[in-house]
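Hi everyone, thanks for making time. I'd like to walk you through a structure that is new to most of you, so have a look at it first and then we'll go through a few spots together.

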Amino acid sequence: MKWPASEAGRFGGVNSFGFGGSNAHVVLQGYDKVQKTNSQKDQTQIFTFSARHVDALKKIAENYITFLRDEDNTDTFSDICYSSTLRNSHHDLRVAVVADSKEDLAEKLQHYINGETLNEIKEGRVNEDKEKVVFVFSGQGPQWWAMGRQLLKDEPIFKSWILKLDEMLSKHADWSLLEELKRSEKTSRVSETNICQPAIFAIQIALYEMWKANGIYPSAVVGHSIGEVAAGYVSGALTLEQAVLLIFHRSRVQFKATDKGRMLAVGLPYADAKKLVEGKEHRVSVGAVNGPALVALSGDIDAIEEIAAELNEKDIFHKLLVVNVPFHSHHMEPLKEELLASLGEFKTSATKIPFYSTVAGKIVSGEELTPMYWFRNVREPVFFTDAIQQQIKDGFDTFIELGPHPIHAIGINDLLALNKKKGIVLSSLRRNEIEKTVFLSALAALYTSGFKPDWKAAYPKQTKWIKLPKYPWQKESYWVESEEGKKQRLGSLEYNHPHLTRKNVSAREQNNIIWDVTLDKRTYPYIEDHKVQGPIVFPGAGHMDLVIGAAKASFGEKFSFIEDVNFESALFLPDSGEPPIIQMDISHDSGDYFIYTKSRAKDSQWTMCSNGKINHIGDEFKSIPVNLEALKKKLTIPVPVKPMHDELLESGLYLGPTFRAIKKLWCSDGDWESLSEIEVHESIQSEFFQFNIHPGVLDSCFQTVFGIFNEREDKSRKMGVYVPRHIDRIKWYNDVNSYKLFVHGRLREWTDEYALGELWIFNEDGSLVAEFHGFLSQYLKRFSW
């Protein structure tokens with residue numbers, strides 16, 4: 001029925017007048033759909049998409065480009081970004097793009113498809129959810145006349161905190177923080193110490209609040225020189241009032257040393273720098289240690305010039321710093337009484353998160369951050385590298401610098417490289433770059449590495465969910481098989497492995513390739529030789545032997561390598577009686593496999609012990625070549641084997657004779673490498689060649705990396721037990737052909753929590769048997785394997 005609208009609109013009534021006792025009348029007003037307009041200015045935001053397969057990522061990007069450039073698409077840019085972050089699943093392969101409009105996003109997605117690198121495009125693979133991040137508060141040096149200006153204009157959180165700190169500083173200062181941050185380049189005083197330090201501090205606190213608002217909280221803090229003031233507040237040791245008082249008087253007093261001396265950056269390690277100033281200590285000293293081979297000297301002008309001339313002759317890097325106050329030198333000593341008097345007595349609190357001191361080079365308690373500590377912060381050297389080194393040792397690998405421009409990234413990256421650890425070092429702002437874009441690009445990098453931002457904080461309440469392009473499923477068919485493979489799939493091929501028997505009933509799906517696994521110590525006594533904190537546990541090495549055997553039998557010559565192996569739950573075996581029901585379930589199409597177990601009790605449930613993927617579709621395995629003969633010449637430091645096994649026993653890992661196949665073991669001198677000579681125990685020689693590689697022998701191969709622990713600095717500290725958790729890829733090249741093997745292990749990451757590296761197994765004749773990439777072992781804190 002046509003119902004024309006009057007000037008006042010459409011109105012209608014609905015009533016239920018009757019004899020039932022309930023009388024009601026409702027007046028309704030007509031709804032006319034309001035056409036969306038794009039008059040509202042778009043804001044810079046993060047758009048995300050993710051996939052489970054790398055091929056899907058570019059297809060998704062292509063679909064979004066079409067979606068974004070569709071002339072009939074009236075969805076707002078905010079709604080699109082909101083829906084991508086809050087209404088889509090986040091798979092392990094992730095891409096995040098920082099853009100300010102639909103067209104800008106479409107252009108950047110095309111750059112991504114073309115393989116071009118932009119700072120606004122972040123891509124990563126998430127192996128685990130990450131939470132631990134260090135907030136690094138920069139020292140003096142990154143200031144510039146327009147720092148924070150864009151955020152001050154466009155970011156309400158940033159602006160509100162600058163205004164708050166301006167008001168708090170006005171109780172002490174005769175100048176305005178807000179006015180100083182708004183000065184032109186010509187009239188700016190931001191490089192003057194008494195203005196610079198409070199301004200950097202204010203920007204750091206405002207950035208901290210922005211990170212919090214986006215769901216990123218520090219698990220530890222560290223500050224370089226003046227950065228310790230902000231770090232002290234964020235740690236919970238200082239109140240904001242104390243921090244403001246401190247930064248004001250610290251900068252005011254240090255300003256009095258203007259033009260008393262200079263500072264010089266030098267490309268030398270700390271020990272060499274100390275030798276450089278020998279005999280001149282009363283005139284110049286090491287003011288800061290900023291990297292493994294980067295220090296800053298501070299002192300008298302003539303002494304600095306003398307050293308600069310000496311370094312110039314030796315062709316050693318040096319550069320005069322653009323500061324006119326010789327911080328952390330003897331010129332700070334006369335300022336002591338005035339600084340302490342200005343600060344008075346204030347009581348600090350216990351830290352809520354660890355405060356890594358660059359005065360002490362380690363964690364200090366909040367109660368120690370008294371006025372005397374802050375004079376030490378002014379006078380003594382900045383041991384920045386010691387503090388960062390300790391954080392890396394404590395398991396931190398993600399660092400965000402809070403300041404107007406990054407100045408500590410090189411030092412942190414150098415330390416990560418020195419420790420052979422991969423890490424992420426991000427900056428909150430960069431000079432002469434769009435500030436919101438830089439900030440969001442760092443947030444995007446955190447997301448693609450496994451952090452979980454608070455996406456809701458980025459969007460106004462009126463933002464709504466819209467339908468985005470659907471996930472482009474990879475629909476290729478992999479049903480390609482040889483006659484042998486067909487026989488294997490149909491169960492007509494016999495396969496001789498001690499623990500594998502073909503079966504046709506799956507724990508998951510009827511059409512999968514199913515193998516029964518029989519692990520009975522009454523038939524194979526070696527099984528009892530592996531116990532973890534008491535119970536018998538079938539080792540991760542045994543899982544690998546089973547999978548290699550099943551892969552050969554299930555896919556024949558199509559079997560290429562094994563990848564993405566995960567050890568989820570321990571496979572317990574009884575001390576006596578019947579073993580549990582164990583089954584290996586393999587998807588013929590994808591090659592995904594799962595090893596399940598359950599007890600023989602009625603109504604018992606399946607437990608998944610391990611899983612991974614058997615690659616049989618022709619993907620290429622990229623080998624890492626090693627030379628066995630060269631290794632024998634290189635790795636010559638002997639490692640006693642019996643003490644190593646005794647130490648493992650003390651830590652809860654019992655290894656019987658068949659699991660103690662290492663006869664000789666050598667390690668490197670600081671390169672995290674080892675080499676072992678393996679001999680098969682006589683008790684299993686009769687059955688040895690029935691396996692691809694006997695579980696006891698393969699486990700001994702895995703033990704080779706324990707030899708690297710002999711390189712630890714504190715030999716009195718027990719190494720503990722590390723158990724397999726994940727392996728990226730395993731390539732099986734040749735059958736084992738002798739009772740003697742050689743194994744090479746190499747670690748690229750090693751902490752108190754985990755060890756990560758590679759492993760190569762060789763026959764006695766030097767032929768390569770197997771290659772393991774990305775072998776991750778986890779320190780056994782409680783029973784899990």
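Quick bit of vocabulary before anything else: when I say a residue is exposed, I mean over 50% relative accessible area, and buried means under 20%. Also, please keep in mind that this is a predicted model.

Okay, let's start with helix α5. It covers residues 156-169, so find that stretch on your screens. There are 14 residues in α5, and the distance from the first C-alpha to the last is 20 Å, close to the 20 Å expected at 1.5 Å a residue.

Which residues of α5 are buried? They are Phe158, Trp161, Ile162, Leu165, Asp166, Met168 and Leu169. Those residues span an arc of only 165 degrees around the axis, which puts them on the same side of α5. Now turn the helix around: Pro156 and Glu167, on the other side, are exposed. And what covers the buried residues? The cover includes α4 (149-154), α6 (177-181), α7 (193-213), α8 (227-235) and α9 (240-254).

Next up, the strands, and I'll begin with β4, residues 93-99. In this strand 7 of the 7 residues are buried, so β4 is largely enclosed by the rest of the structure. Here's some background: in a regular strand the side chains alternate between the two faces of the sheet. In β4, Leu93, Val95, Val97 and Ala99 point one way, while Arg94, Ala96 and Val98 point the other way, and all are buried.

So who are the neighbours of β4? Strand β3, residues 45-51, is joined to β4 by 7 bridges, and the two run antiparallel. To get your bearings there, look for Thr48, which stands opposite Ala96 in β4. Strand β5, residues 121-125, is joined to β4 by 5 bridges, again antiparallel. For that pairing, look at Val97, whose bridge partner in β5 is Ile121.

Now hop over to strand β7, residues 220-223. Both of its faces are covered: Ala220 and Val222 are buried on one side, and Val221 and Gly223 are buried on the other. β7 pairs in parallel with β6 (residues 134-137) through 4 bridges, and in the parallel sense with β12 (residues 355-357) over 2 bridges. Val221 is a handy landmark, since Phe135 stands opposite it, and Val221 also stands opposite Phe355 in β12.

Right, aromatics. How many aromatic pairs does the count come to? The answer is 28. One of them is Tyr64 with Phe67, an edge-to-face pair at 6.3 Å centre to centre with 80 degrees between the planes. Both of these residues are buried. They sit 3 residues apart in helix α1 (residues 54-68), so about one helical turn separates them. Ring pairs also link Tyr64 and Phe67 into a cluster with Phe47, Phe49 and Tyr112.

Let me show you another pair, Phe688 and Tyr739. Their ring centres are 5.9 Å apart and their planes are at 55 degrees, so this one is tilted. Phe688 lies in the loop between β29 (673-679) and α21 (695-703), and Tyr739 in the loop between β30 (722-732) and β31 (740-750), so the pair ties together parts that are 51 residues apart in sequence. Phe688 is buried at 1% relative accessible area, whereas Tyr739, at 34%, is partly exposed.

Last stop, cysteines. The disulfide count is 0. Cys81 is buried at 0% relative accessible area, and Cys196 is buried at 0% too.

Definitions and conventions: Residues numbered from 1 in each chain as written. Predicted model: local features only at pLDDT ≥ 70, side-chain atom pairs only at ≥ 80, totals over all residues. Heavy atoms only, no water. Expected span 1.5 Å × (residues − 1). Buried < 20%, exposed > 50% of the residue type's maximum accessible area, 1.4 Å probe, protein only. Arc of directions from axis to C-beta. Contact = heavy atoms within 4.5 Å. Pairing = 2+ DSSP bridges. Disulfide = S-S within 2.5 Å. Phe/Tyr/Trp six-rings, centres within 6.5 Å; stacked < 30°, edge-to-face > 60°.
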